[in-house]
Amino acid sequence: MPKSNKDIQKLQSLIARSVTEIVSNNIKNEKVGFMTVTRVEVSSDHSYCKIFVSFLNNAKNSMEILNRAKGFVRSELAHQLSLRRVPEIAFELDDTFYKQERLEKLLNKEAEEIEKIKKWSE
């Protein structure tokens, strides 16, 4: 039986909150640094889950540590959530911030070029 969109959204919210708590309280590796769960995508049958995260700094190293702890995070999720079956999890780096920053730099550079052309043509 397909799950409702509301059920999936509720599960996504629970997973996001729980993973944030698990990583900040239970992973004893200070190299992970400050992590934010930006988005969670759960399959309609609740068997698979992508957890998008961002880091304040050193994202590559932090992602490696997080991926090594994936089994631990999933087992902790099983303890915290009352689900018949805890979904397989995959961590993905959410690089939206970096893309936005790059786009803003390009737009600012383009605006400067347009301003130079306007001054030159006057």
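Is H46 buried or exposed? H46 is buried, because its relative accessible area is 16%. Buried means under 20% relative accessible area, exposed means over 50%, and partly exposed is in between, with a 1.4 Å probe and protein chains only.

A word on the source. This is a predicted model, where local features need pLDDT of at least 70, side-chain atom pairs count only at pLDDT 80 or more, and totals for chains, interfaces and linings use all residues. Residues are numbered from 1 along each chain as its sequence is written, and side-chain values use heavy atoms, with hydrogens and water left out.

Now the overall picture. The protein has four helices and three strands. Along the sequence, the pattern is α-β-β-α-α-β-α. Helices (H or I, at least four residues) and strands (E, at least two) are DSSP runs, numbered from the N terminus.

How spread out is the protein? Its radius of gyration is 20 Å, and the globule rule gives 14 Å for 122 residues, so the protein is more spread out than a compact globule. That radius is taken over C-alpha atoms, and the rule is 2.2 Å times the number of residues to the power 0.38. The C-alpha trace spans about 70 × 40 × 15 Å along its principal axes. Of the 122 residues, 31% count as buried.

Next, contacts. Contact means heavy atoms within 4.5 Å. Take the contacts with a separation of 6 or more: 62% of them come from residues 24 or more positions apart.

Back to H46. H46 sits in the loop between β1 and β2. Its phi is near 65°, a positive value in a residue other than glycine. Most residues other than glycine have a negative phi.

S47 is in that loop too, between β1 (35–42) and β2 (48–55). S47 is buried, with a relative accessible area of 17%. What does S47 touch, leaving aside its neighbours within four places in sequence? It is in contact with R85, P87 and E88.

On to the helices. The axes of α1 (residues 5–26) and α3 (residues 70–80) come within 10 Å and cross at roughly 120°. Axes are lines fitted to C-alpha atoms, for helices over the stretch in contact, and angles run from 0 to 180 degrees between N-to-C directions. That crossing angle makes α1 oblique to α3. Under 35 degrees counts as roughly parallel, over 145 as roughly antiparallel, 65 to 115 as roughly perpendicular, and the rest as oblique.

Which residues meet there? From α1 come I15, S18, V19, E21, I22 and N26, and from α3 come F72, V73, E76, L77 and Q80. By class, this contact has six nonpolar, three polar and two charged residues. Ala, Val, Leu, Ile, Met, Phe, Trp, Tyr, Cys and Pro count as nonpolar, Asp, Glu, Lys and Arg as charged, and the others, Gly among them, as polar.

Stay with α1 for a moment. Q12 lies in this helix. Not counting residues up to four places away in sequence, Q12 touches V40, E41 and V42. Its C-alpha atom and that of K118 are separated by 50 Å, and the two residues are 106 apart along the chain.

Last stop, K70 in helix α3. K70 is partly exposed, with a relative accessible area of 31%. Leaving aside neighbours within four places in sequence, K70 is in contact with I89, A90 and F91. K70 and A90 are 20 residues apart along the chain, and their C-alpha atoms are separated by 7.5 Å.
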